[in-house]
Structure formats: structure tokens, C-alpha cells
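Open the model in your viewer and keep the selection panel at hand. Each stop below gives you something to select and tells you what is there.

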Amino acid sequence: MHLEYKVQGGNFSKAGHASGEIKKVLKQLNLNPMVIKRIVVALYEAEVNIVAHAYEGDIIVDIDDSKVHVVLNDRGPGIPSIERAMEKGYSTASPLVREMGFGAGMGLPNIKKNTDELNIKSVVGEGTTVDFINYL
Amino acid sequence: MIVKDIVTLLDAHYVNNSGLENENYDVAFASDLMSDVLTIDIPNVLLITGLANIQTIRTADMAEIKCIVLGRNKKATPEMIELAQENEITIIECAYSLFHICGLLYNEGIDPLY
Ligand SMILES: Nc1ncnc2c1ncn2[C@@H]1O[C@H](COP(=O)(O)OP(=O)(O)OP(=O)(O)O)[C@@H](O)[C@H]1O
Ligand SMILES: [Mg+2]
């Protein structure tokens with residue numbers, strides 16, 4: 001199964017909408033609830049990161065018998081040091097983002113914790129790709 | 001402690017009741033930062049928060065949290081209530097500060113998550 005969603009940077013009222021829709025699909029497929037939770041937490045964190053830190057992006061999900069593969073692509077400022085960004089507590093979130101309840105610097109560590117394979121690529125001034133796989 | 005008794009103890013009220021009145025909670029977590037909430041990896045945790053926006057409900061949905069206490073007299077917005085209804089999440093509004101809420105619940109034997 002193949003799913004695609006668009007994500008608008010800065011639009012907090014819609015942030016997490018795509019993740020909510022994808023969660024519904026995963027539930028309909030009757031996947032293990034523990035696996036679903038890990039996927040949707042990682043997905044939601046990555047979706048909110050696009051809203052909070054980038055201009056626009058898309059989410060592509062591919063589901064087969066053995067795994068769920070998620071790719072989030074954005075056009076945005078990129079991440080100068082992925083190593084630093086992965087540290088718990090590291091955040092460049094704006095005051096507006098903090099007002100929305102984000103900016104703990106826990107998103108990327110949460111994504112790492114909840115995925116089986118994680119690959120982040122980023123080009124400063126262009127954008128970021130977060131690519132992860134969870135096995136079923 | 002069951003939800004009904006939590007509502008009484010906190011002098012609070014339901015803004016969305018998803019039928020959890022008799023559900024028991026032994027563990028609670030208080031935060032205004034949603035990524036902190038998303039570190040929760042056990043089921044049946046009561047969330048206490050002063051953040052009242054749509055992300056509160058989205059986060060609860062993703063983290064499988066079924067009951068939220070909104071402290072500091074924060075009001076749930078209509079879109080929060082709508083999403084909570086859709087996902088069967090109970091929202092309780094309470095005028096007390098988070099510290100006050102946590103103190104009362106701790107006193108009744110509700111444990112911290114961490
Ligand atoms: N898609 C992205 N584009 C640009 N920068 C990003 C992106 N994702 C993360 N970052 C950078 O990495 C930092 C750490 O991200 P992380 O998700 O861990 O924390 P946060 O988003 O700041 O706060 P939290 O996720 O806890 O609400 C961000 O503050 C930002 O500087
Ligand atoms: Mg984040």
C-alpha cells in the first residue's frame with residue numbers, strides 16, 4: 001500500500017493531521033498496536049518538525065507484509081549538524097513553536113527510539129529527508 | 001484512582017466525557033511540552049497539562065493517552081473537543097495550577113511515570 005500527504009510549514013492547526021490519517025489506515029490493517037504506536041509517534045514528531053522548522057514537505061508511506069517504510073521530505077533551512085540535532089534537549093524552536101507545545105528538543109531522539117532503521121539527510125538551505133523503517 | 005473521583009478531588013468538570021468515569025489511573029505525567037509526552041511508552045497514563053491547543057489532543061492520540069486534565073483554568077477549544085470526541089479522549093478542565101493538581105493526586109497515591 002502506498003500513501004502520500006502534503007505538509008505545510010508553519011500551519012500548526014493542521015500539524016499532525018497526516019499522521020492521524022495514517023494511524024487510521026494502520027489500525028484498519030490490524031497491525032500490532034505496539035508497532036502502530038511506535039510508527040505514529042515517530043511520524044508525528046517528524047511531521048511536526050516540518051511544520052515547526054521547514055517551509056513545506058511531503059510524507060510518503062509504503063506498507064508491505066514485512067515493514068512500514070516512511071519518508072518525509074521537506075524544503076527548508078536544513079540541519080547544519082545532524083549529530084547535534086539528535087541530542088536530547090537540543091532545539092532551535094522559535095517562541096511561536098514553543099507556545100504550541102514544542103521545542104523540548106526531544107523529537108529526533110523520540111524518532112530514533114521508535115524506529116528500527118533511521119536515516120536523516122539534510123542540505124543546508126535546501127531541505128531535509130527523514131527516512132525510517134519499522135518491521136512488522 | 002478512578003476518573004470520577006479525580007474529577008471530584010480536583011473540583012473539576014468534563015468538557016468531553018468518553019465514558020471513562022470508572023477507569024482506574026495509577027500513574028500520571030505532567031508537562032506542557034508535547035515531545036516529553038511522546039516519550040511515554042506505557043499505556044494508561046493520566047496526562048496533566050496547561051497546554052490547550054489542538055496539538056494537545058493530537059499528541060494524546062499518538063501517545064495512546066485517553067484522559068487529559070487541563071490545569072490553570074485553560075479552556076478546551078471547539079476543535080480540541082471535536083478531535084477528542086473523534087478519538088474517544090476524555091478532557092477534564094480544572095482551575096488549579098499544575099503543581100496543585102499534581103500535589104493532590106500524589107497525595108492520593110497516584111505515582112509519577114519517571
Ligand atoms: N525538518 C527540519 N528542518 C530543519 N531543521 C530541523 C528539522 N527537524 C529538526 N530540525 C532541527 O533539529 C532540532 C532538534 O529537533 P527535535 O525534533 O529533536 O527538537 P525540536 O523540534 O526543537 O523540539 P521538540 O521536537 O522536542 O518539540 C530542531 O530544533 C531544529 O533546529
Ligand atoms: Mg521536533
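**Stop 1: the sheet of chain A**

Select the strands of chain A. This is a predicted model, and in it five strands form an open sheet with antiparallel pairing, in the order S1-S2-S3-S5-S4. Which strands lie at the edges? Strand S1 (2–8) and strand S4 (117–123) of chain A do, each pairing on one side only. Look along the sheet next: from one strand to the next, the twist averages 10°.

**Stop 2: the S3–S5 pair**

Now select residues 67–75 and 127–135 of chain A. These are strands S3 and S5, which run antiparallel. How many bridges join them? The count is 9. To find your place in this pair, show A:Leu72 and look across to S5(A), where A:Val130 stands opposite.

**Stop 3: two helices on the sheet**

Keep the sheet in view and add residues 17–28 of chain A. This is helix H1, and it packs on the sheet. Its contacts are with S1, strand S2 (56–63) and S3 of chain A. Compare directions: that of H1 makes about 160° with that of S1(A).

Add residues 33–53 of chain A. Helix H2 packs on the sheet as well, touching S1, S2, S3 and S5 of chain A. Here the angle to check is with S3(A): the direction of H2 makes about 5° with that of S3(A).

**Stop 4: chain A as a whole**

Show the full cartoon of chain A. You will find 5 helices and 5 strands. Trace them from the N terminus and the elements read β-α-α-β-β-α-α-α-β-β. Is the chain compact or extended for its length? The radius of gyration is 14 Å, close to the 14 Å that the globule rule gives for 136 residues, so chain A is as compact as a globular protein of that length.

Fit a box along the principal axes: the C-alpha atoms of chain A fill roughly 40 × 30 × 25 Å. Colour by burial next. Of the 136 residues in chain A, 48% are buried. Then turn on contacts between residues at least 6 apart in sequence: in chain A, 62% of these join residues at least 24 apart. Finish with the surface. Chain A exposes about 6,800 Å² of accessible surface, and carbon and sulfur atoms account for 52% of that.

**Stop 5: the interface**

Bring both chains on screen. Select the residues in contact: 23 in chain A meet 20 in chain B. About 1,900 Å² is buried between the two chains, with 52% given by carbon and sulfur atoms. Which residues of chain A lose the most area to chain B? Show A:Lys23, A:Lys37 and A:Tyr44 as sticks; together they make up 29% of what the chain A side buries.

**Stop 6: chain B**

Hide chain A. Chain B has 5 helices and 6 strands. Follow its sequence and the pattern is α-β-β-α-β-α-β-α-β-α-β. The radius of gyration of chain B is 12 Å, which agrees with the value near 13 Å for a compact globule of 114 residues.

Its C-alpha trace spans about 35 × 25 × 25 Å along the principal axes. Colour chain B by burial: 51% of its 114 residues count as buried. Among chain B contacts between residues at least 6 apart in sequence, 53% join residues at least 24 apart. Last, show the surface. The accessible area of chain B is about 4,900 Å², and 50% belongs to carbon and sulfur atoms.

Methods: Residues are numbered from 1 along each chain as its sequence is written. Chains are lettered from A and ligands numbered from 1 in the order in which they are written. This is a predicted model: local features need pLDDT of at least 70, side-chain atom pairs count only at pLDDT 80 or more; totals for chains, interfaces and linings use all residues. Side-chain values use heavy atoms; hydrogens and water are left out. Two strands pair if DSSP finds at least two bridges between them. Helices (H or I, at least four residues) and strands (E, at least two) are DSSP runs, numbered from the N terminus. Axes are lines fitted to C-alpha atoms, for helices over the stretch in contact, and angles run from 0 to 180 degrees between N-to-C directions. Contact means heavy atoms within 4.5 Å. The radius of gyration is taken over C-alpha atoms; the globule rule is 2.2 Å times the number of residues to the power 0.38. Buried means under 20% relative accessible area, exposed over 50%, partly exposed in between (1.4 Å probe, protein chains only). Accessible areas come from the Shrake-Rupley method with a 1.4 Å probe; for residues, only the protein chains shown count as cover. Buried area is the accessible area (1.4 Å probe) that two parts lose on being put together, summed over both.
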